Amino acid sequence: MNQIKILWVDDEIDLLKPHILFLEQRNYTVVTARSGSEALREIHSTLFDIVFLDENMPGISGLETLQEIKEAQANLPVVMITKSEEEHLMEEAIGSKIADYLIKPVNPNQILLSLKKNLDHFRLVSQKTNKSYQQEFRKIAMDLSSINSAEEWADLYQKLVFWELELEDVEDSSMMEILESQKQEANTQFCKFIEKNYSDWFTSDEEAPVMSHTLFEQNVAPLIDQQPTLMVVVDNLRYDQWKTLEPMLQAHYKKTSESLFYSILPTATQYARNAIFSGLMPSDMERQYPEYWLNDTDEGGKNLFEKEFLSEQLKRLGLSIDWSYHKITSLKQGKKLAESFKTHKDEQLTVLVYNFVDMLSHAKTEMEVIKELASNDKSYRSLTQSWFKNSPLLDIINQAAALKFKLVITTDHGTINVKQSSKVIGDKETSLNLRYKTGRSLTYTGKDVFAVKQPVSIKLPTIKMSSSFIFAKGDYFFAYPNNFNHYVNYFRNTYQHGGVSLEEMIIPFAVLKPKE
């Protein structure tokens with residue numbers, strides 16, 4: 001390892017000789033300066049790893065020196081050392097992006113701790129994270145063999161996402177590889193669980209978790225009172241993506257609760273999002289509201305009547321309230337709502353559907369540049385985070401906080417990065433989705449799918465006599481035998497939805513309140 005080079009700036013540097021010897025004995029190189037001017041000359045002639053800077057010096061003050069150091073080398077860590085505990089000095093130094101703040105007299109171990117915290121932080125955190133995950137790995141592996149409820153699967157998925165986010169910046173990639181294999185095994189077991197239990201959720205309320213069609217009644221309706229509520233449904237938002245967006249809300253909102261619920265199958269917008277707004281399963285929507293429901297093979301948009309579905313559900317729940325519904329599918333629409341959002345301040349419920357993440361996943365399939373930018377889950381999260389940070393949606397949410405809106409953030413389903421192809425054959429009326437198919441006379445590989453011969457058993461419409469549904473398990477996607485290799489190469493490593501996986505089915509629901 002290269003020797004660490006420290007610049008220590010203090011007008012009483014001779015008094016610090018014991019500290020300097022202590023560091024030199026530990027293989028650090030220490031260069032000293034007695035004034036801000038001398039320090040700046042050293043900065044311009046030598047590359048340092050860190051600076052210890054006295055705040056109270058004659059001539060150029062410590063804060064003035066700090067400002068000039070940052071202008072010369074913005075990323076050079078500077079540790080401010082001062083006799084004063086005055087709050088305004090601390091605030092000014094912190095505002096100038098210091099790395100640490102120490103109060104005199106300092107002892108050698110404080111200096112050593114500050115060095116390790118600032119220069120070895122990444123390595124030390126990596127080591128501790130790796131060690132912690134190694135311990136947790138065994139527990140997760142044991143849990144996988146005994147999980148037998150929807151709630152336990154949600155808890156396990158939360159753990160897997162936690163460790164994925166913890167390990168994503170760790171230098172040792174082997175830990176992430178182990179986690180990926182553990183996620184794959186978890187998905188294999190989860191698919192078996194869904195295959196065995198999913199249909200029972202529609203005959204036994206005791207076993208059923210909160211799902212798309214029960215979400216509004218169970219989780220949203222109880223929140224509606226005189227204080228306005230903003231309900232944001234971000235299409236395709238996975239739990240791991242939500243966790244990367246959450247910190248950007250903390251300036252204005254405080255989370256009061258977070259839970260996971262289950263998207264219905266297929267985990268596709270026309271099924272899952274219509275179920276949220278109608279409070280009904282697809283077969284019930286088709287029967288009760290044929291004017292609003294379209295099947296896969298019908299012409300026309302499949303989510304054109306979400307507002308009407310929500311209106312009917314509010315009536316059914318006896319909620320006579322002021323409310324509005326907005327769907328954003330472009331930047332222009334988002335900006336327009338941001339400009340007029342204050343006009344909704346007296347509504348008890350404002351519902352906002354935001355479609356960006358869905359467009360991002362489709363763009364990844366169709367555009368090479370997006371494939372490069374979102375080549376894996378880490379970069380997909382990063383791209384979502386970058387969008388949110390600069391989006392009209394964040395502006396709307398910040399306005400909502402100022403207007404004292406409660407905030408609900410949720411989604412209709414997640415997505416999964418598909419890696420493995422599975423051949424399927426169907427007639428010309430078979431649906432086109434890559435993760436589920438519905439039609440007659442489907443031929444498929446049994447081990448790759450969750451097959452439902454009787455759609456009515458899981459509350460789905462029977463489009464034609466003898467139509468069935470198949471859902472791709474884990475990271476499989478369906479491909480027709482015609483032009484098979486081209487098709488597979490085109491869609492492999494893209495984000496798709498409609499099938500059975502932890503990522504698609506177990507999705508976030510968060511409630512936040514505005515900070516005072």
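Helices, of at least four residues, and strands, of at least two, are taken here as DSSP runs and numbered from the N terminus. On that basis, this predicted model contains 20 helices and 19 strands.

**The whole chain**

Begin with the complete C-alpha trace, which spans about 90 × 50 × 40 Å along its principal axes. Of the 516 residues in the protein, 53% are buried.

**The N-terminal loop**

Select I13, in the loop that leads from β1 (5-9) to α1 (17-25). With a relative accessibility of 6%, I13 counts as buried, because the cut-off for that class is under 20%. Add T32 to the selection: its C-alpha atom is 7.2 Å from that of I13, with the two positions 19 residues apart in sequence.

**Two cis peptide bonds**

Move next to the bond from K104 to P105, which is cis, with omega near -5°. P105 belongs to the loop between β5 (100-103) and α5 (108-119). A further cis peptide bond runs from L265 to P266, also with omega near -5°. The loop that holds P266 connects β7 (253-262) and α11 (269-278).

**A charged patch on the surface**

Select D200, D205, E206 and E207 together; on the surface, these residues form a patch of negative charge. Within the patch, D200 sits in the loop between α8 (173-197) and α9 (212-220). The relative accessibility of D200 is 31%, so this residue counts as partly exposed.

**Strand β10 and its partners**

Now select residues 406-410, strand β10. Five of its five residues are buried, so the strand is largely enclosed by the rest of the structure. K406, V408 and T410 point one way from β10, whereas L407 and I409 point the other way.

Extend the selection to strand β6 (residues 229-234), which pairs with β10 in the parallel sense over five bridges. Within this pairing, M231 has V408 of β10 as its bridge partner. Then add strand β19 (residues 506-514), which is joined to β10 by four bridges in the antiparallel sense. Here the bridge partner of T410 is F509 in β19.

**A three-stranded open sheet**

Where are the edges of the open sheet with the order β14-β12-β17? This sheet of three strands has mixed pairing, and its edge strands are β14 (443-444) and β17 (476-479), each of which pairs on one side only. To inspect one of the pairings, select strand β12 (residues 420-425) with β14: the two run antiparallel and are joined by two bridges. V424 has Y444 of β14 as its bridge partner.

**A contact across the sequence**

Select D298, in the loop between α12 (282-288) and α13 (306-316). At 32% relative accessibility, D298 counts as partly exposed. Its C-alpha atom is separated by 9.7 Å from that of I463, although the two residues are 165 residues apart along the chain.

**Two residues with positive phi**

Which residues other than glycine have a positive phi? One is K459, with phi near 60°, in the loop between β15 (449-452) and β16 (468-472). K459 is partly exposed, with a relative accessible area of 27%. Another is N493, where phi is near 65°. N493 lies in the loop between α19 (484-491) and β18 (494-496), and its relative accessibility of 25% makes it partly exposed.

Conventions. Residues are numbered from 1 along each chain as its sequence is written. This is a predicted model: local features need pLDDT of at least 70, side-chain atom pairs count only at pLDDT 80 or more; totals for chains, interfaces and linings use all residues. Side-chain values use heavy atoms; hydrogens and water are left out. Patches are made of residues with over 30% relative accessible area and no salt bridge: like charges are joined within 9 Å, nonpolar side chains (Val, Leu, Ile, Met, Phe, Trp, Tyr) within 5 Å. Accessible areas come from the Shrake-Rupley method with a 1.4 Å probe; for residues, only the protein chains shown count as cover. A salt bridge is a side-chain nitrogen of Lys or Arg within 4 Å of a carboxyl oxygen of Asp or Glu. Lys and Arg count as positive and Asp and Glu as negative; His and the chain ends are not counted. The place of a charge is taken as NZ of Lys, CZ of Arg, CG of Asp or CD of Glu. Buried means under 20% relative accessible area, exposed over 50%, partly exposed in between (1.4 Å probe, protein chains only). Two strands pair if DSSP finds at least two bridges between them.
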